[in-house]
Amino acid sequence: MIVDDLHEVQENVLNACKRANRNPDEVTLIAVSKTKPVSMLEEVYADGVRNFGENKVQELCDKYEVLPKDIRWHMIGHLQRNKVKYLIGKTCLIHSVDSVRLAETIEHEAAKKDTIMSILIEVNVAQEDSKFGLHVEEVMEMVETISKMPHIRIEGLMTIAPFVDDAEENRTIFRQLKQLSVDIGSKNMNNVNMNGLSMGMSGDYQVAIEEGATLVRVGTSIFGRRNYQV
Ligand SMILES: *Cc1c(COP(=O)(O)O)cnc(C)c1O
């Protein structure tokens with residue numbers, strides 16, 4: 001049952017907060033619903049879930065149209081510049097900004113709609129070739145550049161940790177991202193806050209919470225495995 005699995009994840013989140021002496025209100029569980037049918041989203045919505053994560057613009061927009069408007073949609077996937085215009089106004093947070101050009105497009109489209117778009121900067125902490133995101137040493141300069149864009153608000157950092165058997169292997173990755181956010185936060189740049197830390201997925205969200213995650217992105221442990229054959 002999806003709702004039973006959801007409750008188990010929610011309990012794990014609470015326990016991780018307890019271990020780390022953190023207030024559970026600081027941690028948002030994002031139900032990653034990519035590839036899953038609307039009926040499954042409705043099930044967890046009925047149980048109180050309001051934060052959903054999608055990695056494709058088209059799918060996010062389609063689900064946005066048919067589901068209740070109090071849902072907070074998180075764009076967690078790699079984002080192409082020509083799709084940004086469809087997202088503004090529908091997503092509460094873009095987790096995956098990793099270039100100035102993408103930020104410029106977001107700035108442009110948000111300005112057109114007279115709104116301010118919240119974003120996270122995606123960092124490839126583990127420096128995996130297969131992943132998008134900036135290297136750690138590139139982040140500070142990019143944050144400075146993007147912070148000058150008036151229709152963007154930088155809310156923190158995001159990383160996708162490597163796929164590992166033992167979540168403990170990712171602890172240092174999460175710690176590095178947290179440290180980077182502290183370093184950047186200490187510069188007190190205008191228009192930048194570093195309160196958001198999006199890290200942790202089904203395999204390692206508990207460790208991520210222990211290391212300071214404020215947004216965990218959990219798909220498989222709630223909705224079951226994804227079938228990409230369809
Ligand atoms: C799919 C996805 C997740 C969720 O992964 P699970 O292992 O299913 O929990 C989290 N973050 C991103 C960026 C994703 O694309």
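## Residues around the ligand

In what follows, Ala, Val, Leu, Ile, Met, Phe, Trp, Tyr, Cys and Pro count as nonpolar, Asp, Glu, Lys and Arg as charged, and the others, Gly among them, as polar. The model described here is a predicted one, and by this grouping the residues of the shell around its ligand divide into five nonpolar, three polar and three charged.

The residues around the ligand are V32, K34, I76, I160, M201, S202, R217, V218, G219, T220 and R226. The space that the ligand takes is the largest pocket.

## Polar contacts and cover

Three side chains can be described by the distance from one of their N or O atoms to an atom of the ligand. For K34, such a side-chain atom is 2.6 Å from an oxygen atom of the ligand, while for R226 the distance to a ligand oxygen atom is 2.8 Å. In the case of R217, the ligand atom is a nitrogen, and it is 2.8 Å from an N or O atom in the side chain. On its own the ligand has 390 Å² of accessible area, and the protein covers 89% of it.

## The aromatic pair

Apart from the ligand site, the structure holds one aromatic pair. This pair is formed by F52 and W73 and is tilted, with 5.6 Å from centre to centre and 35° between the planes. Because F52 lies in strand β2 (residues 51-54) and W73 in strand β3 (residues 72-75), the pair ties together parts that are 21 residues apart in sequence.

How values were computed. Residues are numbered from 1 along each chain as its sequence is written. This is a predicted model: local features need pLDDT of at least 70, side-chain atom pairs count only at pLDDT 80 or more; totals for chains, interfaces and linings use all residues. Side-chain values use heavy atoms; hydrogens and water are left out. A residue is near a molecule or strand if one of its heavy atoms lies within 4 Å of it. A polar contact is a pair of N or O atoms within 3.5 Å; within protein, one must be able to donate a hydrogen and the other to accept it, and residues adjacent in sequence count only if both atoms are side-chain atoms. Accessible areas come from the Shrake-Rupley method with a 1.4 Å probe; for residues, only the protein chains shown count as cover. On a 1 Å grid over the protein atoms alone, a cavity is a set of points where a 1.4 Å probe fits but cannot get out, and a pocket is an open set with protein on both sides within 12 Å along at least five of seven lines; lining residues have an atom within 4 Å of a point. A molecule sits in a cavity or pocket if more than half of its atoms lie within 2 Å of its grid points. Rings of Phe, Tyr and Trp (its six-membered ring) pair if their centres lie within 6.5 Å; planes under 30 degrees apart count as stacked, over 60 as edge-to-face and the rest as tilted. Helices (H or I, at least four residues) and strands (E, at least two) are DSSP runs, numbered from the N terminus.
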